[in-house]
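I opened this notebook to record, step by step, what I looked up in one structure. My plan was to begin with the whole chain and then turn to one pair of elements.

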Amino acid sequence: MTAAVGAFVYTFILTSGDYITPSLLGGTSSTSLANIVSDEFIALGNRPGGAAISCVMLLIFFAVYLGLSRLERWKGI
């Protein structure tokens, strides 16, 4: 895997799962997927809903990774 694709995937996964920074910087007016999952588990007590959103996020990350790795093989990035 090329260094650029690896760096993109690593950064994409880390930044999309971060929920502390949006809470600190944006206050209560901003929402992110990680905050929604946290609210589902902690505030609402809806564990199946939080798990479903987490699985969808994981599938999206996996699809992005597969797409980038196939693009790398096809285009030779």
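The entries below follow the order in which I looked things up.

**Entry 1, the whole chain.** I noted before anything else that this is a predicted model. I then looked up the secondary structure and found 4 helices and 0 strands, which read along the sequence as the pattern α-α-α-α.

**Entry 2, burial and surface.** I looked up how much of the chain is buried, and the answer was 19% of its 77 residues. For the accessible surface of the chain I wrote down about 5600 Å², with 70% of that area belonging to carbon and sulfur atoms.

**Entry 3, contacts along the sequence.** I took the contacts in the chain with a separation of 6 or more, and noted that 39% of them are between residues 24 or more positions apart.

**Entry 4, one pair of helices.** I reminded myself that two packed helices are described by the angle between their axes and the distance between the axes. For helix 3, residues 33-43, and helix 4, residues 47-75, I found an angle of about 155° and axes 7 Å apart. Angles over 145 degrees count as roughly antiparallel, and helix 3 and helix 4 are therefore roughly antiparallel to each other. I also noted that the crossing of helix 3 past helix 4 is left-handed.

**Entry 5, where the two helices meet.** Which residues of helix 3 meet helix 4? I listed L33, I36, V37, E40 and F41 on the helix 3 side, and R47, G49, G50, A51, I53, S54 and M57 on the helix 4 side. Sorted by class, this contact has 7 nonpolar, 3 polar and 2 charged residues.

Key
Residues numbered from 1 in each chain as written. Predicted model: local features only at pLDDT ≥ 70, side-chain atom pairs only at ≥ 80, totals over all residues. Heavy atoms only, no water. Buried < 20%, exposed > 50% of the residue type's maximum accessible area, 1.4 Å probe, protein only. Contact = heavy atoms within 4.5 Å. Areas by Shrake-Rupley, 256 points an atom, 1.4 Å probe, with all protein chains shown as cover. Axes fitted to C-alpha atoms, helices over the stretch in contact; angles between N-to-C directions. Parallel < 35°, antiparallel > 145°, perpendicular 65-115°, else oblique. Left-handed = near helix turned anticlockwise from the far one by under 90°. Nonpolar A, V, L, I, M, F, W, Y, C, P; charged D, E, K, R; others polar.
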